[in-house]
Amino acid sequence: MKKLISAALASAMVLSLAACGSTDTGSNASTGTDSTATAEASNTGSTTPIKLGGIGPTTGSAASYGIAVMQGEELAVNEINEAAGYTVFEFSFEDDEHDAEKAMNAYNTLKDWGMQVLLGTVTSTPSLSVAGETVNDNMFMLTPSASAVDVVETGDNVFQMCFTDPNQGVVSADYIAENALGTKIGVIYDSSDAYSSGIYTAFKAEIEAKGLEIVAAESFTSDNKSDLSTQVTKCQNAGADLVFLPIYYNEASQILIAADKVGYKPTFFGCDGMDGILSIEGFDTSLAEGLMLLCPFSATATDETTQKFVASYEAAYGETPIQFAADAYDCVYAIYQCVQNGSINGDMSVSEMCEALKADFTTMTFNGTTGEGQTWEANGMVSKPPRVYVVTNGEYATAE
Amino acid sequence: MFRLKNLRKSTKSNLITFGIVIGFYLVIQLLSALGMLSSSLSGQLVPICAYVILAISLNLTVGILGELSLGHAGFMSVGAFSGTIVWTTLYGQVPNWLGLLLAFVVGGAVAGLFGFIVGVPVLRLSGDYLAIVTLAFGEIVKNVMNACYLGYDSKGIHFSFKDAASMGMEADGTTIINGAIGITGIKKGSTFILGIILVILTLVVILNLINSRAGRAIKSIRDNEIAARSVGINITKYKLMAFITSAVFAGIAGVLYSLNYSSLVAKKFDYNTSILILVFVVLGGIGNIRGSVIAAALLTVLPEMLRSLNDYRMLIYAIVLILVMIFSQSPQVVAWRKRMVEMFRGRFSKRPQAKEVQ
């Protein structure tokens, strides 16, 4: 009897799952009507909403990045829908817990919802799995922040809004060498993290080519990062006058605190993962004074696009946007540019839209919060001017 | 009907287990044919099969041998990595079925070898000590694989524990394992039918082992090691037999799992995964193979079914786990369930009698 019940329950569960329709968790303002459609709508000849899907960690260890991306995308979608007067985009975001298996489940859930373009995923490891699947489905994938070079190499339908890891490593090394910021370089990186070790590998090769010496290359792993003072001390003992930190801002803040305790004051240099260090709760931002970072985005930049974005982001979510949010915001606007060009509309199939977007992305120039004149190569990598900032008086200031 | 009654109790129970697996396969095929299968569910079919195999194999260690192992994901990891290396290097050079077969054989064999290496010293321990050593084993495997760089070029195989540049490969060399990035660009090899075949294979081997002479010896060790020793049972041999079999199938499940995705990272196989598999076993009933199958399948699907609840899903998942545990294990609830079943039985048997009276 028990067996029968359990079998029945199991099959009932399977059935209910299969029948479970798509739930619209999207944040769409579907109040707009066709009569109010603006000139843009007549350009495309269709007012069917385009379904944008996002995937990223909104829970777990990488949640701060996933939430930033979700909010950046959501904000852009709301703005666009409001400005256009009708629903240009419908948006749904699914959590992947920074796990490849969960990311695939999220991707499939979004497919059931009817996603036409994927704006994700946020972190590299899940991206690699999802990218493989988007190639099979020929779905256009524009990732705001998954910077591993393998992600874009998966297929020609995968594009990046951020710099690739090797690119950041090379640009950082060149910048350090050209501006003679240091002669003895120390590096502290997360060897268990694809982003961090990807930057480090390229950085090491380039800095040695430039004739500078790495005197200490200290690593930690995600299991072993509660105390990073050993790594700092090793850099100090090796006499490093510049410490390169290709890591995320949470760990970087610990390093800055540890360095301050032992009175070690080299130049610290970080990459885009460093953005957000000034908004950590309880962190004394005076410790970050003089910290340099290579980052395409600064919340204090004075151009109109950035200021408008920062103001509306702060109004909507009560916090200063980090670079992840800016990249995500740009992703939606890049897609919107293609809508305005008239090359895509909501009636197209996933595959047609992918082909149209591929053609557009490789030819268009995009101006956003993370840089003017951004272009994409056919391999999906973005090309935009890198910017280096120095933290001065608790704010970013453009270096030089 | 007559013959079914004469079957041994264990054979009958095993047939029901196989029936559930095949029934599940048929239901999915039917849904798929009707076009009612959502992408969400179809994407989970292979992971379900992998987790079912893992739960069955861990149940052999935990339920039948009676030793607590917290390093099952470690065996899964070594199996997954070795099998995937075979699959990616052979891809396109041999027919796919042969590549798959070799990947599974190598994955299972390497995991089995690790089972042997770990098992020989570790199985002298028991209880909490064994749990801690296996936990450490899983973490060691994770960290070693995370720091491991492997590649090949015209000069041969290169290997490093430091970074990709230290391998000293030629420019045209192929990197297979790239440290924390793991193996990327894996061609998908796993299918649902393959998963079901492997589940059935696992069931055949493990159920036969349990019901064999060796299985009875293993169970006697669980029930009383001293008594088993006194009747001349070779403790080490049977402990190893169960432990290695368990490791081999964990390795096979690892290969099945990794060939379903285009990338493989060591981080996935941490103690959380080991605990997850243990949860399947405990919820399904320790020593109850069919329970493991059902628990693994349902608990893999459950978080996805709760996805629409957003962040609350983790809370609800935890509550469901607690409720199921109480429902299946608490003595009071078990007694209450028995009473309820008897009440229903009573009603069912009374009705026909009442009719007869009329």
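A residue counts as buried when its relative accessible area is under 20%. Keep that cut-off in mind, because it sorts residues throughout this predicted model. H72(B) has a relative accessibility of 1%, so it counts as buried.

Start with the place of H72(B). This residue belongs to helix α5 of chain B, which covers residues 72-90. The side chain of H72(B) has a polar partner: it makes a polar contact with the side chain of S57(B), at 2.9 Å. S57(B) also appears among the residues that H72(B) touches. Setting aside residues up to four places away in sequence, the list includes L54(B) and L58(B). Further along the chain come S246(B), A250(B), S274(B) and I277(B).

Now move to L198(B). This leucine sits in helix α8, residues 192-210 of chain B. Its relative accessibility is 9%, so L198(B) counts as buried. Which residues does L198(B) contact, leaving aside its neighbours within four places in sequence? They are I53(B), F104(B), I252(B) and L256(B). Take I53(B) from that list. I53(B) and L198(B) are 145 residues apart along the chain, yet their C-alpha atoms are separated by 7.7 Å.

Step back to chain B as a whole. It holds 15 helices and five strands. Of its 358 residues, 49% count as buried. Contacts in chain B often join distant parts of the sequence: among those with a separation of 6 or more, 72% are between residues 24 or more positions apart.

What is the radius of gyration of chain B? The value is 23 Å. A compact globule of 358 residues would have a radius near 21 Å, so the value for chain B agrees. Along the principal axes, the C-alpha atoms of chain B fill a box of roughly 90 × 60 × 45 Å.

The surface of chain B comes next. Chain B exposes about 17,300 Å². Carbon and sulfur atoms supply 66% of that area. Charge is the other feature to note. Chain B carries 31 positive and 14 negative side chains. The centres of these two sets lie 16 Å apart.

Turn to chain A. Here there are 13 helices and 15 strands. Chain A has 400 residues, and 57% of them count as buried. Its accessible surface comes to about 14,300 Å². Carbon and sulfur atoms account for 50% of that surface. For contacts in chain A with a separation of 6 or more, 69% link residues 24 or more positions apart.

Three loops of chain A deserve a look at the backbone. Begin between β3 (117-118) and α5 (124-137), where T121(A) has its place. A cis peptide bond joins T121(A) to G120(A), with omega about -5 degrees.

Follow the chain through α5 to the loop that leads to β4 (140-143). N138(A) is found in this loop between α5 and β4. Its phi is near 50 degrees, a positive value in a residue other than glycine. Is N138(A) buried or exposed? With a relative accessible area of 17%, N138(A) is buried.

The last loop lies between α7 (165-178) and β6 (184-190), and it contains A180(A). Phi of A180(A) is also near 50 degrees, again positive in a residue other than glycine. The setting of A180(A) is exposed, with a relative accessible area of 63%. That places A180(A) over the 50% cut-off for exposed residues.

Technical notes
Residues numbered from 1 in each chain as written. Chains lettered and ligands numbered in written order. Predicted model: local features only at pLDDT ≥ 70, side-chain atom pairs only at ≥ 80, totals over all residues. Heavy atoms only, no water. Helix = DSSP H or I, 4+ residues; strand = E, 2+ residues; numbered from the N terminus. Rg over C-alpha atoms; globule rule 2.2 N^0.38 Å. Buried < 20%, exposed > 50% of the residue type's maximum accessible area, 1.4 Å probe, protein only. Contact = heavy atoms within 4.5 Å. Areas by Shrake-Rupley, 256 points an atom, 1.4 Å probe, with all protein chains shown as cover. Lys, Arg positive; Asp, Glu negative; His and termini not counted. Charge placed at Lys NZ, Arg CZ, Asp CG, Glu CD. Polar contact = N/O pair within 3.5 Å; in protein donor to acceptor, adjacent residues only side chain to side chain.
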